[in-house]
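Subject: Structure handover

Hello,

Here is the structure for your work, with notes on what was found in it. The notes start at the ligand and then go through helix packing and the backbone.

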Amino acid sequence: MVSISNLRILILDDEQLVRDELSEFLIDPNFKIFKAGSPSEAFNIMEVNDIHIAIVDVNLPEMSGLDVLEKIKEDFPEIEVIMISGYSEMDSVIHAMRLGALDFFTKPFRLSEVESAIERTKKFIHLNKSLIEIKRNYSIITKEFYEAMGYEIIGDSPQMRNLINLISKVAKADNTSVLITGESGTGKELVARAIHYLSNRKDNCFYAVNCSAIPESLFESEFFGHTKGAFTGASDTKTGWFEAANDGTLFLDEIGDMQLNLQTKFLRVLEDRKIMKVGSNVEIPFDTRIIAATNQNIEGLHSEKGFRLDLYHRISSFVIHIDPLRERKEDIPLLLDYFVKYFNRVMGKNINEIDGAVIKRLLAYQFPGNVRELKNMVERAVIICDTNRLSLSHFQLSHPKEEQKKINFATDDNLDLELVEVDCIKKALERTNNNKSKAADLLNITWQSLDRRIKKYKIEM
Ligand SMILES: Nc1ncnc2c1ncn2[C@@H]1O[C@H](COP(=O)(O)OP(=O)(O)OP(=O)(O)O)[C@@H](O)[C@H]1O
(Lines give C-alpha, C1' and ligand atoms only; values in the text may rest on other atoms or scores of the structure.)
Protein backbone atom coordinates (compact mmCIF):
# COMPACT_ATOMS: atom_id res chain seq x y z
CA MET A 1 0.00 0.00 0.00
CA VAL A 2 1.26 3.53 -0.74
CA SER A 3 2.02 5.17 2.58
CA ILE A 4 1.19 8.73 3.50
CA SER A 5 3.79 9.50 6.13
CA ASN A 6 2.32 12.82 7.17
CA LEU A 7 -1.43 13.17 6.86
CA ARG A 8 -2.38 16.85 6.60
CA ILE A 9 -5.83 17.50 8.04
CA LEU A 10 -7.67 20.81 7.89
CA ILE A 11 -10.46 21.55 10.40
CA LEU A 12 -12.95 24.17 9.21
CA ASP A 13 -15.41 25.25 11.91
CA ASP A 14 -16.36 28.71 13.07
CA GLU A 15 -16.47 27.63 16.74
CA GLN A 16 -13.04 27.91 18.31
CA LEU A 17 -14.02 25.31 20.96
CA VAL A 18 -14.85 22.69 18.30
CA ARG A 19 -11.62 23.35 16.42
CA ASP A 20 -9.54 22.97 19.58
CA GLU A 21 -11.39 19.90 20.80
CA LEU A 22 -11.07 18.15 17.43
CA SER A 23 -7.38 18.94 17.10
CA GLU A 24 -6.83 17.51 20.55
CA PHE A 25 -8.60 14.34 19.48
CA LEU A 26 -6.32 14.13 16.48
CA ILE A 27 -3.01 14.46 18.28
CA ASP A 28 -0.81 11.96 16.48
CA PRO A 29 2.80 12.27 15.31
CA ASN A 30 1.65 11.23 11.82
CA PHE A 31 -0.94 14.01 11.51
CA LYS A 32 -0.35 17.68 10.81
CA ILE A 33 -3.39 19.72 11.80
CA PHE A 34 -4.46 23.06 10.25
CA LYS A 35 -7.37 25.10 11.65
CA ALA A 36 -9.63 27.63 9.94
CA GLY A 37 -12.59 29.61 11.32
CA SER A 38 -13.98 30.64 7.92
CA PRO A 39 -14.11 29.31 4.34
CA SER A 40 -11.81 32.05 3.01
CA GLU A 41 -9.19 31.21 5.64
CA ALA A 42 -9.58 27.50 4.79
CA PHE A 43 -9.10 28.06 1.04
CA ASN A 44 -5.95 30.10 1.72
CA ILE A 45 -4.57 27.17 3.68
CA MET A 46 -5.53 24.72 0.90
CA GLU A 47 -3.76 26.88 -1.69
CA VAL A 48 -0.37 26.58 -0.01
CA ASN A 49 -0.52 23.27 1.85
CA ASP A 50 -1.00 19.88 0.32
CA ILE A 51 -4.07 18.98 2.40
CA HIS A 52 -5.26 15.34 2.38
CA ILE A 53 -8.47 15.60 4.44
CA ALA A 54 -10.75 18.58 5.16
CA ILE A 55 -13.18 18.29 8.08
CA VAL A 56 -15.94 20.80 7.30
CA ASP A 57 -18.86 21.96 9.44
CA VAL A 58 -22.23 22.17 7.67
CA ASN A 59 -22.96 25.61 9.17
CA LEU A 60 -20.40 28.27 8.42
CA PRO A 61 -20.17 32.02 7.91
CA GLU A 62 -19.55 33.39 4.35
CA MET A 63 -20.93 30.27 2.66
CA SER A 64 -22.55 27.00 3.70
CA GLY A 65 -20.52 23.85 4.36
CA LEU A 66 -22.15 22.26 1.30
CA ASP A 67 -20.95 25.14 -0.91
CA VAL A 68 -17.47 24.75 0.56
CA LEU A 69 -17.61 21.03 -0.25
CA GLU A 70 -18.61 21.76 -3.85
CA LYS A 71 -15.80 24.27 -4.27
CA ILE A 72 -13.25 21.84 -2.79
CA LYS A 73 -14.38 19.11 -5.21
CA GLU A 74 -13.98 21.56 -8.07
CA ASP A 75 -10.72 23.30 -7.14
CA PHE A 76 -8.97 20.64 -5.04
CA PRO A 77 -10.40 17.29 -6.21
CA GLU A 78 -7.61 15.34 -4.50
CA ILE A 79 -8.79 16.50 -1.03
CA GLU A 80 -11.22 14.14 0.72
CA VAL A 81 -13.95 15.76 2.83
CA ILE A 82 -15.54 14.67 6.11
CA MET A 83 -18.61 16.68 7.15
CA ILE A 84 -19.55 17.68 10.71
CA SER A 85 -23.25 18.12 11.32
CA GLY A 86 -25.81 18.49 14.09
CA TYR A 87 -28.26 15.63 14.78
CA SER A 88 -31.05 17.58 13.10
CA GLU A 89 -29.09 18.10 9.88
CA MET A 90 -29.23 14.63 8.35
CA ASP A 91 -30.66 16.01 5.09
CA SER A 92 -27.54 18.13 4.65
CA VAL A 93 -25.37 15.10 5.35
CA ILE A 94 -27.13 13.05 2.68
CA HIS A 95 -26.77 15.92 0.26
CA ALA A 96 -23.07 16.22 1.17
CA MET A 97 -22.45 12.52 0.53
CA ARG A 98 -24.07 12.91 -2.87
CA LEU A 99 -21.75 15.83 -3.60
CA GLY A 100 -18.74 13.65 -2.85
CA ALA A 101 -18.09 13.89 0.90
CA LEU A 102 -16.52 10.65 2.04
CA ASP A 103 -17.75 10.49 5.64
CA PHE A 104 -19.37 12.47 8.44
CA PHE A 105 -19.74 12.65 12.21
CA THR A 106 -22.25 14.46 14.35
CA LYS A 107 -21.87 17.09 17.07
CA PRO A 108 -21.27 16.62 19.95
CA PHE A 109 -18.72 14.10 18.66
CA ARG A 110 -17.16 11.11 20.32
CA LEU A 111 -13.48 10.25 19.90
CA SER A 112 -14.28 6.81 18.44
CA GLU A 113 -16.48 8.36 15.72
CA VAL A 114 -13.85 10.87 14.70
CA GLU A 115 -11.16 8.21 14.71
CA SER A 116 -13.09 5.78 12.56
CA ALA A 117 -14.07 8.50 10.06
CA ILE A 118 -10.39 9.47 9.71
CA GLU A 119 -9.35 5.82 9.44
CA ARG A 120 -11.89 5.10 6.67
CA THR A 121 -10.85 8.20 4.76
CA LYS A 122 -7.17 7.31 5.14
CA LYS A 123 -7.82 3.85 3.71
CA PHE A 124 -9.67 5.38 0.78
CA ILE A 125 -6.78 7.76 0.09
CA HIS A 126 -4.28 4.87 0.21
CA LEU A 127 -6.39 2.85 -2.18
CA ASN A 128 -6.79 5.73 -4.56
CA LYS A 129 -3.07 6.43 -4.56
CA SER A 130 -2.30 2.78 -5.32
CA LEU A 131 -4.73 2.84 -8.23
CA ILE A 132 -3.26 6.02 -9.64
CA GLU A 133 0.22 4.52 -9.33
CA ILE A 134 -0.80 1.31 -11.14
CA LYS A 135 -2.41 3.35 -13.93
CA ARG A 136 0.64 5.58 -14.24
CA ASN A 137 3.04 2.60 -14.45
CA TYR A 138 0.80 0.96 -17.02
CA SER A 139 0.67 4.02 -19.25
CA ILE A 140 4.45 4.56 -18.96
CA ILE A 141 5.01 0.97 -20.11
CA THR A 142 2.52 1.16 -23.00
CA LYS A 143 4.02 4.49 -24.12
CA GLU A 144 7.45 2.89 -24.04
CA PHE A 145 6.17 0.09 -26.32
CA TYR A 146 4.86 2.61 -28.79
CA GLU A 147 8.08 4.59 -28.85
CA ALA A 148 10.17 1.44 -29.30
CA MET A 149 8.01 -0.45 -31.79
CA GLY A 150 5.86 2.14 -33.53
CA TYR A 151 2.70 0.26 -32.65
CA GLU A 152 0.82 -0.46 -29.48
CA ILE A 153 -0.33 -3.36 -27.38
CA ILE A 154 -3.95 -2.56 -26.71
CA GLY A 155 -5.90 -3.88 -23.72
CA ASP A 156 -7.10 -2.80 -20.33
CA SER A 157 -8.39 -6.10 -18.95
CA PRO A 158 -6.75 -7.41 -15.77
CA GLN A 159 -5.15 -10.14 -17.94
CA MET A 160 -3.60 -7.57 -20.30
CA ARG A 161 -2.36 -5.43 -17.42
CA ASN A 162 -0.73 -8.49 -15.92
CA LEU A 163 0.73 -9.44 -19.31
CA ILE A 164 2.25 -6.01 -19.81
CA ASN A 165 3.73 -6.15 -16.35
CA LEU A 166 5.33 -9.54 -17.13
CA ILE A 167 6.65 -8.30 -20.48
CA SER A 168 8.35 -5.30 -18.94
CA LYS A 169 9.92 -7.44 -16.22
CA VAL A 170 11.20 -10.27 -18.43
CA ALA A 171 12.48 -7.79 -21.04
CA LYS A 172 15.05 -6.65 -18.50
CA ALA A 173 16.20 -10.23 -17.83
CA ASP A 174 18.11 -10.13 -21.05
CA ASN A 175 19.23 -13.74 -21.43
CA THR A 176 16.19 -15.54 -20.09
CA SER A 177 14.41 -17.74 -22.62
CA VAL A 178 10.69 -17.14 -22.84
CA LEU A 179 7.89 -19.43 -23.95
CA ILE A 180 4.68 -17.67 -25.01
CA THR A 181 1.54 -19.79 -25.14
CA GLY A 182 -1.91 -18.85 -26.41
CA GLU A 183 -4.40 -19.56 -29.17
CA SER A 184 -3.68 -18.46 -32.71
CA GLY A 185 -4.09 -14.71 -33.20
CA THR A 186 -3.88 -13.75 -29.53
CA GLY A 187 -0.74 -11.66 -30.12
CA LYS A 188 2.17 -13.99 -29.33
CA GLU A 189 4.46 -12.47 -31.93
CA LEU A 190 3.48 -8.98 -30.83
CA VAL A 191 4.44 -9.86 -27.26
CA ALA A 192 7.75 -11.38 -28.43
CA ARG A 193 8.56 -8.17 -30.30
CA ALA A 194 7.66 -6.10 -27.25
CA ILE A 195 10.05 -8.14 -25.09
CA HIS A 196 12.80 -7.61 -27.67
CA TYR A 197 12.23 -3.88 -28.13
CA LEU A 198 12.09 -3.21 -24.40
CA SER A 199 15.33 -5.13 -23.78
CA ASN A 200 18.97 -4.13 -24.17
CA ARG A 201 18.97 -6.13 -27.40
CA LYS A 202 16.58 -3.68 -29.08
CA ASP A 203 19.22 -2.20 -31.41
CA ASN A 204 20.02 -5.64 -32.81
CA CYS A 205 18.02 -8.03 -34.92
CA PHE A 206 14.62 -9.57 -34.06
CA TYR A 207 14.39 -12.63 -36.26
CA ALA A 208 11.06 -14.47 -36.54
CA VAL A 209 11.05 -18.06 -37.76
CA ASN A 210 8.06 -20.33 -38.26
CA CYS A 211 9.26 -23.78 -37.18
CA SER A 212 6.42 -25.60 -38.94
CA ALA A 213 7.53 -24.20 -42.28
CA ILE A 214 11.13 -25.45 -42.25
CA PRO A 215 11.74 -28.68 -44.19
CA GLU A 216 14.08 -31.09 -42.45
CA SER A 217 16.57 -30.92 -45.32
CA LEU A 218 17.04 -27.17 -44.86
CA PHE A 219 16.98 -27.05 -41.07
CA GLU A 220 20.73 -26.98 -40.42
CA SER A 221 21.59 -24.64 -43.23
CA GLU A 222 18.80 -22.20 -42.24
CA PHE A 223 19.59 -22.16 -38.53
CA PHE A 224 23.37 -22.56 -38.62
CA GLY A 225 24.27 -21.37 -42.14
CA HIS A 226 26.54 -23.10 -44.63
CA THR A 227 29.84 -22.57 -46.41
CA LYS A 228 30.21 -22.16 -50.15
CA GLY A 229 30.14 -25.57 -51.82
CA ALA A 230 28.99 -27.37 -48.65
CA PHE A 231 26.38 -29.20 -50.74
CA THR A 232 25.05 -29.10 -54.27
CA GLY A 233 23.47 -25.72 -54.83
CA ALA A 234 25.37 -23.96 -52.01
CA SER A 235 26.87 -21.40 -54.34
CA ASP A 236 27.60 -18.87 -51.59
CA THR A 237 28.39 -18.82 -47.91
CA LYS A 238 25.18 -18.31 -45.98
CA THR A 239 24.69 -16.83 -42.52
CA GLY A 240 22.29 -18.86 -40.39
CA TRP A 241 19.52 -17.43 -38.24
CA PHE A 242 21.39 -17.89 -34.97
CA GLU A 243 24.26 -15.83 -36.30
CA ALA A 244 21.99 -13.24 -37.93
CA ALA A 245 20.19 -12.73 -34.64
CA ASN A 246 23.44 -12.52 -32.66
CA ASP A 247 23.07 -10.02 -29.79
CA GLY A 248 19.40 -9.89 -30.72
CA THR A 249 16.37 -12.17 -30.39
CA LEU A 250 15.37 -15.29 -32.30
CA PHE A 251 11.61 -15.84 -32.23
CA LEU A 252 10.61 -19.44 -32.87
CA ASP A 253 6.94 -19.57 -33.72
CA GLU A 254 5.05 -22.90 -33.63
CA ILE A 255 7.91 -24.52 -31.71
CA GLY A 256 5.62 -27.49 -31.06
CA ASP A 257 5.80 -28.38 -34.75
CA MET A 258 9.57 -28.83 -34.80
CA GLN A 259 10.40 -32.38 -35.78
CA LEU A 260 11.76 -34.63 -33.07
CA ASN A 261 15.21 -35.30 -34.57
CA LEU A 262 15.63 -31.57 -35.18
CA GLN A 263 14.74 -30.87 -31.57
CA THR A 264 17.77 -32.91 -30.51
CA LYS A 265 20.13 -30.87 -32.68
CA PHE A 266 18.51 -27.69 -31.54
CA LEU A 267 18.89 -28.54 -27.87
CA ARG A 268 22.59 -29.28 -28.27
CA VAL A 269 23.19 -25.90 -29.89
CA LEU A 270 21.24 -24.08 -27.21
CA GLU A 271 23.26 -25.79 -24.52
CA ASP A 272 26.65 -25.19 -26.16
CA ARG A 273 25.79 -21.68 -27.33
CA LYS A 274 27.93 -22.39 -30.39
CA ILE A 275 27.06 -23.28 -33.95
CA MET A 276 28.99 -24.80 -36.79
CA LYS A 277 28.06 -23.88 -40.36
CA VAL A 278 27.27 -26.83 -42.62
CA GLY A 279 30.55 -27.65 -44.41
CA SER A 280 32.72 -26.05 -41.75
CA ASN A 281 34.33 -27.26 -38.55
CA VAL A 282 34.78 -23.84 -37.01
CA GLU A 283 32.64 -23.22 -33.96
CA ILE A 284 30.96 -19.82 -33.88
CA PRO A 285 29.72 -18.65 -30.47
CA PHE A 286 26.47 -16.75 -30.42
CA ASP A 287 24.56 -14.66 -27.91
CA THR A 288 20.95 -14.82 -28.96
CA ARG A 289 17.88 -14.68 -26.77
CA ILE A 290 15.34 -17.36 -27.63
CA ILE A 291 11.65 -16.58 -27.45
CA ALA A 292 9.46 -19.49 -28.51
CA ALA A 293 5.71 -19.63 -29.02
CA THR A 294 3.12 -22.32 -29.32
CA ASN A 295 -0.65 -22.43 -29.58
CA GLN A 296 -0.73 -25.89 -28.05
CA ASN A 297 -0.94 -26.38 -24.34
CA ILE A 298 2.24 -27.42 -22.65
CA GLU A 299 1.08 -30.78 -21.33
CA GLY A 300 -0.29 -31.65 -24.78
CA LEU A 301 2.96 -30.56 -26.35
CA HIS A 302 4.86 -33.18 -24.42
CA SER A 303 2.38 -36.03 -24.16
CA GLU A 304 0.69 -35.84 -27.58
CA LYS A 305 3.39 -34.32 -29.75
CA GLY A 306 6.25 -36.05 -27.97
CA PHE A 307 8.03 -32.73 -27.59
CA ARG A 308 11.38 -33.27 -25.81
CA LEU A 309 11.04 -32.39 -22.15
CA ASP A 310 14.67 -31.28 -21.87
CA LEU A 311 14.20 -28.85 -24.76
CA TYR A 312 10.96 -27.67 -23.24
CA HIS A 313 12.76 -26.91 -19.96
CA ARG A 314 15.54 -25.08 -21.80
CA ILE A 315 13.19 -22.76 -23.66
CA SER A 316 10.66 -22.19 -20.93
CA SER A 317 12.55 -20.48 -18.13
CA PHE A 318 9.72 -17.95 -18.20
CA VAL A 319 6.27 -18.86 -19.51
CA ILE A 320 3.79 -16.19 -20.56
CA HIS A 321 0.24 -17.21 -21.41
CA ILE A 322 -2.08 -14.95 -23.41
CA ASP A 323 -5.77 -15.50 -22.77
CA PRO A 324 -8.13 -15.81 -25.75
CA LEU A 325 -10.02 -12.63 -26.61
CA ARG A 326 -13.37 -14.15 -25.53
CA GLU A 327 -12.01 -14.35 -21.97
CA ARG A 328 -11.07 -10.68 -21.84
CA LYS A 329 -14.03 -9.06 -23.53
CA GLU A 330 -13.38 -5.64 -22.01
CA ASP A 331 -10.50 -5.38 -24.53
CA ILE A 332 -12.87 -5.72 -27.53
CA PRO A 333 -14.17 -2.09 -27.62
CA LEU A 334 -10.63 -0.75 -27.16
CA LEU A 335 -9.24 -2.94 -29.93
CA LEU A 336 -12.18 -2.05 -32.17
CA ASP A 337 -11.53 1.65 -31.69
CA TYR A 338 -7.79 1.17 -32.22
CA PHE A 339 -8.21 -0.81 -35.45
CA VAL A 340 -10.81 1.61 -36.84
CA LYS A 341 -8.38 4.50 -36.29
CA TYR A 342 -5.53 2.43 -37.73
CA PHE A 343 -7.42 1.54 -40.92
CA ASN A 344 -8.75 5.10 -41.19
CA ARG A 345 -5.13 6.22 -41.42
CA VAL A 346 -4.11 3.46 -43.82
CA MET A 347 -7.10 3.96 -46.14
CA GLY A 348 -7.50 7.72 -45.78
CA LYS A 349 -11.01 7.38 -44.30
CA ASN A 350 -12.72 9.35 -41.58
CA ILE A 351 -14.95 6.92 -39.69
CA ASN A 352 -15.59 8.50 -36.32
CA GLU A 353 -18.75 6.77 -35.11
CA ILE A 354 -19.56 3.15 -34.34
CA ASP A 355 -23.13 1.92 -33.79
CA GLY A 356 -23.77 0.55 -30.30
CA ALA A 357 -25.19 -2.58 -31.98
CA VAL A 358 -21.74 -3.35 -33.45
CA ILE A 359 -20.10 -3.39 -30.04
CA LYS A 360 -22.94 -5.44 -28.59
CA ARG A 361 -22.66 -7.99 -31.38
CA LEU A 362 -18.88 -8.21 -31.12
CA LEU A 363 -19.07 -8.64 -27.35
CA ALA A 364 -21.36 -11.63 -27.88
CA TYR A 365 -19.10 -13.16 -30.52
CA GLN A 366 -16.61 -15.85 -29.52
CA PHE A 367 -13.69 -14.81 -31.75
CA PRO A 368 -12.14 -18.20 -32.51
CA GLY A 369 -9.46 -16.31 -34.47
CA ASN A 370 -8.90 -13.90 -31.58
CA VAL A 371 -7.43 -10.43 -32.16
CA ARG A 372 -6.34 -11.26 -35.71
CA GLU A 373 -9.96 -12.08 -36.59
CA LEU A 374 -11.19 -8.81 -35.08
CA LYS A 375 -8.51 -6.88 -36.97
CA ASN A 376 -9.47 -8.52 -40.29
CA MET A 377 -13.15 -7.91 -39.58
CA VAL A 378 -12.54 -4.21 -38.96
CA GLU A 379 -10.38 -3.91 -42.07
CA ARG A 380 -13.22 -5.29 -44.19
CA ALA A 381 -15.79 -3.08 -42.48
CA VAL A 382 -13.69 0.06 -43.01
CA ILE A 383 -13.24 -0.82 -46.70
CA ILE A 384 -17.00 -1.30 -47.20
CA CYS A 385 -18.16 1.69 -45.16
CA ASP A 386 -18.95 4.74 -47.32
CA THR A 387 -20.01 7.06 -44.50
CA ASN A 388 -18.36 8.13 -41.27
CA ARG A 389 -20.39 5.63 -39.21
CA LEU A 390 -19.78 1.90 -38.88
CA SER A 391 -22.90 -0.22 -38.50
CA LEU A 392 -23.67 -3.91 -38.15
CA SER A 393 -24.20 -4.24 -41.90
CA HIS A 394 -20.48 -3.60 -42.48
CA PHE A 395 -19.49 -6.62 -40.44
CA GLN A 396 -19.38 -10.20 -41.50
CA LEU A 397 -18.85 -12.58 -38.64
CA SER A 398 -16.72 -14.96 -40.51
CA HIS A 399 -16.66 -18.21 -38.64
CA PRO A 400 -19.54 -20.30 -39.93
CA LYS A 401 -19.31 -22.93 -37.20
CA GLU A 402 -19.63 -20.39 -34.45
CA GLU A 403 -22.45 -18.68 -36.23
CA GLN A 404 -24.16 -22.00 -36.75
CA LYS A 405 -24.02 -22.64 -33.02
CA LYS A 406 -25.87 -19.41 -32.39
CA ILE A 407 -28.33 -19.90 -35.23
CA ASN A 408 -29.65 -23.21 -34.03
CA PHE A 409 -29.74 -22.85 -30.31
CA ALA A 410 -28.80 -20.68 -27.44
CA THR A 411 -25.53 -21.76 -25.86
CA ASP A 412 -24.12 -21.15 -22.41
CA ASP A 413 -22.11 -18.35 -23.98
CA ASN A 414 -24.97 -16.98 -25.99
CA LEU A 415 -28.25 -16.35 -24.21
CA ASP A 416 -28.82 -13.09 -26.02
CA LEU A 417 -32.36 -13.35 -27.33
CA GLU A 418 -31.88 -10.62 -29.94
CA LEU A 419 -28.88 -12.37 -31.44
CA VAL A 420 -30.68 -15.68 -31.67
CA GLU A 421 -33.63 -13.85 -33.25
CA VAL A 422 -31.43 -12.08 -35.82
CA ASP A 423 -29.80 -15.36 -36.75
CA CYS A 424 -33.15 -17.14 -37.12
CA ILE A 425 -34.40 -14.37 -39.40
CA LYS A 426 -31.24 -14.45 -41.53
CA LYS A 427 -31.49 -18.21 -41.86
CA ALA A 428 -35.17 -18.06 -42.85
CA LEU A 429 -34.44 -15.38 -45.47
CA GLU A 430 -31.55 -17.41 -46.80
CA ARG A 431 -33.68 -20.54 -47.13
CA THR A 432 -36.50 -18.74 -48.88
CA ASN A 433 -34.24 -16.75 -51.15
CA ASN A 434 -35.28 -13.49 -49.46
CA ASN A 435 -39.01 -14.14 -49.91
CA LYS A 436 -40.44 -12.31 -46.91
CA SER A 437 -43.85 -14.07 -46.91
CA LYS A 438 -42.30 -17.53 -46.99
CA ALA A 439 -39.66 -16.54 -44.44
CA ALA A 440 -42.38 -15.16 -42.16
CA ASP A 441 -44.25 -18.51 -42.46
CA LEU A 442 -41.11 -20.39 -41.50
CA LEU A 443 -40.60 -18.11 -38.52
CA ASN A 444 -44.24 -18.42 -37.54
CA ILE A 445 -44.76 -14.65 -37.50
CA THR A 446 -46.66 -12.27 -39.77
CA TRP A 447 -45.12 -10.61 -42.80
CA GLN A 448 -45.45 -7.21 -41.10
CA SER A 449 -43.78 -8.47 -37.98
CA LEU A 450 -40.87 -9.85 -40.01
CA ASP A 451 -40.58 -6.60 -41.95
CA ARG A 452 -40.46 -4.63 -38.67
CA ARG A 453 -37.69 -6.85 -37.34
CA ILE A 454 -35.65 -6.63 -40.56
CA LYS A 455 -35.75 -2.83 -40.26
CA LYS A 456 -35.10 -2.88 -36.52
CA TYR A 457 -32.00 -5.08 -36.80
CA LYS A 458 -30.92 -3.52 -40.12
CA ILE A 459 -30.69 -6.98 -41.69
CA GLU A 460 -29.28 -6.90 -45.20
CA MET A 461 -31.38 -8.72 -47.79
N1 LIG B 1 -3.27 -6.54 -27.77
C2 LIG B 1 -3.11 -6.22 -29.07
N3 LIG B 1 -3.08 -4.94 -29.43
C4 LIG B 1 -2.95 -4.59 -30.74
N5 LIG B 1 -2.83 -5.48 -31.73
C6 LIG B 1 -2.84 -6.79 -31.42
C7 LIG B 1 -2.98 -7.23 -30.07
N8 LIG B 1 -2.96 -8.57 -30.05
C9 LIG B 1 -2.81 -8.97 -31.32
N10 LIG B 1 -2.74 -7.90 -32.15
C11 LIG B 1 -2.63 -7.94 -33.63
O12 LIG B 1 -3.31 -9.12 -34.06
C13 LIG B 1 -2.59 -9.76 -35.11
C14 LIG B 1 -2.23 -11.18 -34.68
O15 LIG B 1 -1.24 -11.13 -33.68
P16 LIG B 1 0.04 -12.10 -33.66
O17 LIG B 1 0.50 -12.42 -35.05
O18 LIG B 1 1.03 -11.55 -32.73
O19 LIG B 1 -0.68 -13.41 -33.06
P20 LIG B 1 -0.08 -14.86 -32.79
O21 LIG B 1 -0.63 -15.32 -31.50
O22 LIG B 1 1.42 -14.82 -32.95
O23 LIG B 1 -0.73 -15.69 -33.96
P24 LIG B 1 -0.30 -17.14 -34.56
O25 LIG B 1 -0.31 -18.13 -33.42
O26 LIG B 1 -1.34 -17.44 -35.56
O27 LIG B 1 1.07 -16.96 -35.14
C28 LIG B 1 -1.38 -8.90 -35.38
O29 LIG B 1 -1.68 -8.01 -36.43
C30 LIG B 1 -1.18 -8.13 -34.09
O31 LIG B 1 -0.52 -6.91 -34.31
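The ligand lies between two domains, because domain 2 (151-321) and domain 3 (327-456) both give residues to the shell around it. Please keep in mind that this is a predicted model.

Ligand shell

There are 16 residues around the ligand, and those that come nearest are Ser184, Gly187, Lys188, Glu189 and Val371. Two elements give two or more residues to this shell, namely α7 (188-197) and α15 (370-384). By class, the shell holds seven polar, five charged and four nonpolar residues.

Helix packing around α13

Two packed helices are described by the distance between their axes and the angle between those axes. The pairs below are given in that form.

Helix α15, which gives residues to the ligand shell, also packs on α13. The axes of α13 and α15 come within 9 Å of each other and cross at roughly 45°. This angle falls neither under 35 degrees nor in the range 65 to 115, so the pair counts as oblique. The crossing is right-handed. On the α13 side the contact is made by Ile332, Leu335, Leu336, Phe339, Val340, Phe343, Asn344 and Met347, and on the α15 side by Val371, Leu374, Lys375, Val378, Glu379, Val382 and Ile383. Twelve of the residues in this contact are nonpolar, one is polar and two are charged. Val371 appears both in this contact and among the residues that come nearest to the ligand.

Helix α13 (residues 331-347) also packs against α14 (residues 356-364), at an angle of about 125° and with the axes 10 Å apart. That angle makes α13 oblique to α14. The crossing of this pair is right-handed. Ile332, Pro333 and Leu336 of α13 meet Ile359, Leu362 and Leu363 of α14. The contact consists of six nonpolar residues, with no polar and no charged ones. Ile332 and Leu336 of α13 take part in the contact with α14 and in the contact with α15.

α18 and α19

Helix α18 (residues 436-443) and helix α19 (residues 447-456) have axes 8 Å apart, at an angle of about 100°. α18 is therefore roughly perpendicular to α19. From α18 the contact takes in Lys436, Ser437, Ala439, Ala440 and Leu443, and from α19 it takes in Trp447, Leu450 and Asp451. Five of these residues are nonpolar, one is polar and two are charged.

Backbone points

Two places in the backbone should be listed as well. The peptide bond from Lys107 to Pro108 is cis, with omega near -5°. Pro108 sits in the loop between β5 (103-106) and α5 (111-149). The other place is Phe367, which has a positive phi of about 45° although this residue is not a glycine. Phe367 is in the loop between α14 and α15, two helices that each pack on α13.

Regards

How values were computed. Residues numbered from 1 in each chain as written. Predicted model: local features only at pLDDT ≥ 70, side-chain atom pairs only at ≥ 80, totals over all residues. Near = placed C-beta within 6 Å. Helix = DSSP H or I, 4+ residues; strand = E, 2+ residues; numbered from the N terminus. Nonpolar A, V, L, I, M, F, W, Y, C, P; charged D, E, K, R; others polar. Domains from an automatic or database assignment. Axes fitted to C-alpha atoms, helices over the stretch in contact; angles between N-to-C directions. Parallel < 35°, antiparallel > 145°, perpendicular 65-115°, else oblique. Left-handed = near helix turned anticlockwise from the far one by under 90°. Contact = placed C-beta atoms within 7 Å.
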